[in-house]
Amino acid sequence: MAKIPDAAYQGTRGAFSEVAAWNLLTESVLLLPCLKLRDVFEAVREGAAQYGVIPWKNTLASVIRGSLGLCAEYPDLHMVGETVCHVEHAVIGMPGSRLDQIRRIFSHPVALAQCERFFLTHPEIKPWSEWDTAGSVAKVIHENLHDAAAIASKRYAEIYGGEVLAEGIQDDPDNFTRFR
């Protein structure tokens, strides 16, 4: 019989929630990536994972409304731990691409909102919402999008084979997310 994952998290490999799960448990845990926050709650409720790791509050974006609402919908699930992760955003594109070639940037809506100054100084680049930051990098790389990039942690460039085109683009360097 297969081992039940230790924790579910929203995102794909490399997501900030994955790092938070490692901080809360250990880097050797078995994790279950989920497409949506609701899927994390369902995985725990249905016994597909022992724990769920969700973003709770960000210093720039405040309380993550989706997490707050889902906690109210799942009153039988309880928070048992907390960790804080520093969030630093980078623009990641295809290898060989340049920032002046980029016309679209994909990322999670919260990450896009945390980088408003970047978009003000690059009005030719339009933000596009996606489910998560890591998945945005995977999309750019797997779909071979030379006119697009993603906003995510520079760690994702290594994981997905992308290239960092700009780093430290968040509006505030003191950008932290609390995970529960």
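Here a trainee and a mentor chat about cysteines, a helix and salt bridges in a predicted model.

Trainee: Let's start with the cysteines. How many disulfides does the structure hold?
Mentor: Zero.

Trainee: Why is there no bond for C85?
Mentor: Because the closest cysteine sulfur, in C115, is 17 Å from the sulfur of C85, which is too far for a bond. For a disulfide, the two sulfurs have to be within 2.5 Å.

Trainee: Is C85 buried or exposed?
Mentor: C85 is buried, at 5% relative accessibility.

Trainee: And C115, buried or exposed?
Mentor: C115 counts as buried too, with a relative accessibility of 0%.

Trainee: Switching topic to helix α2. Which of its residues are buried?
Mentor: In α2, which covers residues 37–45, the buried ones are L37, V40, F41 and A43. Looking down the axis of α2, you find them within an arc of 160°, so they line one face of the helix.

Trainee: Nice. What do those buried residues pack against?
Mentor: Four strands and a helix: β1 (7–10), β2 (31–34), β3 (51–53), β4 (55–58) and α3 (65–73).

Trainee: What follows α2?
Mentor: G47 does, and its phi is positive, near 80°.

Trainee: On to charges, then. How many salt bridges are there?
Mentor: The count comes to 10. One of them joins the side chains of D6 and K3, with an N to O distance of 3.1 Å.

Trainee: How do D6 and K3 sit, buried or exposed?
Mentor: D6 is buried, with a relative accessible area of 16%, whereas K3 is exposed at 53%.

Trainee: Which residue does E82 form a salt bridge with?
Mentor: R180, and the closest N and O atoms are 2.8 Å apart. That pair links distant parts of the chain: E82 lies in the loop between α3 and β6 (83–86), while R180 is in the segment after β12 (176–179), 98 residues apart.

Trainee: How exposed are E82 and R180?
Mentor: E82 is partly exposed, with a relative accessible area of 44%. R180 is also partly exposed, at 23% relative accessibility.

Trainee: Which residues are linked in a network with E82?
Mentor: R178 and R180 are linked with E82 in a network of salt bridges.

Trainee: Last one: what does E130 pair with?
Mentor: E130 forms a salt bridge with K139, where the closest N and O atoms are 3.4 Å apart. E130 is partly exposed, with a relative accessible area of 26%, and K139 is partly exposed at 23%.

Terms used
Residues are numbered from 1 along each chain as its sequence is written. This is a predicted model: local features need pLDDT of at least 70, side-chain atom pairs count only at pLDDT 80 or more; totals for chains, interfaces and linings use all residues. Side-chain values use heavy atoms; hydrogens and water are left out. Buried means under 20% relative accessible area, exposed over 50%, partly exposed in between (1.4 Å probe, protein chains only). Helices (H or I, at least four residues) and strands (E, at least two) are DSSP runs, numbered from the N terminus. The arc is that of the directions from the helix axis to the C-beta atoms. Contact means heavy atoms within 4.5 Å. A salt bridge is a side-chain nitrogen of Lys or Arg within 4 Å of a carboxyl oxygen of Asp or Glu.
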